[in-house]
Every structure is written in structure tokens, then in C-alpha cells.
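Please look through the structure shown here with its packing in mind, beginning with a pair of helices and moving on to the nonpolar interior.

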Amino acid sequence: MRHRLFYVFPDIKSARKALDDLLLGRIEERHIHFLTNGESLPSDMPEANFLQRTDVVHGAESGMLVGAGLGMALGLWLVYFPFSDVSSKAAIMLFTTLCGIFFGGWASSMVAAALPNSRLKAFYAELERGKVLMMVDVPARKIVQIENLMAERHPEMRFGGEDPHIPIFP
């Protein structure tokens, strides 16, 4: 299981040095992501992707929960409404719940695509001041090693914390 470590650097030059140190520390480039306030990064520095910059994942999760509840409520209403003579109550409940899950996830992720990532809220003030956020996804067994490496070689950075609940797919 991977954990996401956050580091804030004062500029792109120091973030570039950290990238090189992490690559030498055997962290693959696909597990390192940088985020700025809109300033363009050099082409060889991996930029945070759409799912990491926006709140799509959180929005989809929330929408699926609400959609499941509303779909289930609709199913109950259809099954127990007086005019219905339903022979397959379980199928109706399952169908409306699944429709609610899919519609809720889709609709809320479309709204959340326009919102910045809520997990990164603590870093937005520093990003506005021109700093660079580095997100590193590391295996749990290497957390201490990476934290020591970064603290030893980069006194200019600020450790922004750890998120043990990162989605697997982004």
C-alpha cells in the first residue's frame, strides 16, 4: 500500500533537485507529481494530472453514496406504492439503486471537475505565493527512508504531511 507524502518547495529549481534525489532513491517517476499555481513546469518534471488537481474523485464518491440512497428510496416507493402489482421487488430495488449510484457518481463528478482538490486545501496559500508542491507516492516500508532523505538534502523544503488514503488508480 502506498502513502502520499507532500513537500512544498520555494521554487522550481529546488523541486527539480528533489526529483533527481527521489529518482536516485529508486522512486519511479510515475509516482512523483508536481503542482504549481499555473506556472509551467519543465517538460521533464511530471505534472499533477486531472484527478490529482481537481475534486473529481471525492465528488464521485459523495455522489455515489447519495445516489444509492435516493435510488433505494425510489425503489421502495415503486415497490410499495398502492397501484403497483410488482412480482420482482428485489429486481426493482437493485435496478433503481444501481441507477442512483451511476447517475449520482456521474453528476457529482461533473460538478467536482471544476473544483480544486479539497485534500490540497492546506497548500493553496503557498501555491499562490509561487511555491511548488511535490506529491510522492511511496510504499509504506520506504516512508522513513524518503523522509530522512528529503530532510537531509533539502533544508529549504517544508514537509506538508502524509495521506495514507490515496486512490489506487490516479
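In this predicted model, the crossing of helices α3 and α4 is right-handed. Two packed helices are described by the angle between their axes and the distance between the axes. For α3, which spans residues 56-80, and α4, which spans residues 89-112, the axes come within 6 Å and cross at roughly 150°. Angles over 145 degrees count as roughly antiparallel, and α3 and α4 are therefore roughly antiparallel to each other.

Turning to the interior, the largest nonpolar core has 22 residues, of which Tyr7, Leu22, Phe34, Met134 and Met150 touch the most other members. At least two residues of this core are supplied by each of β1 (2-9), α1 (12-24), β2 (32-35), β3 (132-139) and α6 (143-153), and the largest share, five residues, comes from α1. A second, separate core of nine residues includes Phe6, Leu35, Ala48 and Leu120.

Phe34 shows what surrounds one member of the largest core: if its neighbours within four places in sequence are left aside, Phe34 is in contact with residues including Ala15, Leu19, Leu41, Met45, Val132, Leu133 and Met134.

Helix α6 can be followed in a similar way. Its buried residues are Ile143, Ile146, Leu149 and Met150, and seen down the axis of α6 these fall within an arc of 135°, so they line one face of the helix. On the other side of α6, Val144 and Glu152 are exposed. The buried residues of α6 are covered by elements that include β1, α1, β3 and β4 (158-163).

Notes
Residues are numbered from 1 along each chain as its sequence is written. This is a predicted model: local features need pLDDT of at least 70, side-chain atom pairs count only at pLDDT 80 or more; totals for chains, interfaces and linings use all residues. Side-chain values use heavy atoms; hydrogens and water are left out. A nonpolar core is a set of buried Ala, Val, Leu, Ile, Met, Phe, Trp, Tyr and Cys residues joined through side-chain atoms within 4.5 Å. Buried means under 20% relative accessible area, exposed over 50%, partly exposed in between (1.4 Å probe, protein chains only). Helices (H or I, at least four residues) and strands (E, at least two) are DSSP runs, numbered from the N terminus. Contact means heavy atoms within 4.5 Å. The arc is that of the directions from the helix axis to the C-beta atoms. Axes are lines fitted to C-alpha atoms, for helices over the stretch in contact, and angles run from 0 to 180 degrees between N-to-C directions. Angles under 35 degrees count as roughly parallel, over 145 as roughly antiparallel, 65 to 115 as roughly perpendicular and the rest as oblique. A crossing is left-handed if the near helix is turned anticlockwise from the far one by less than a right angle, and right-handed if clockwise.
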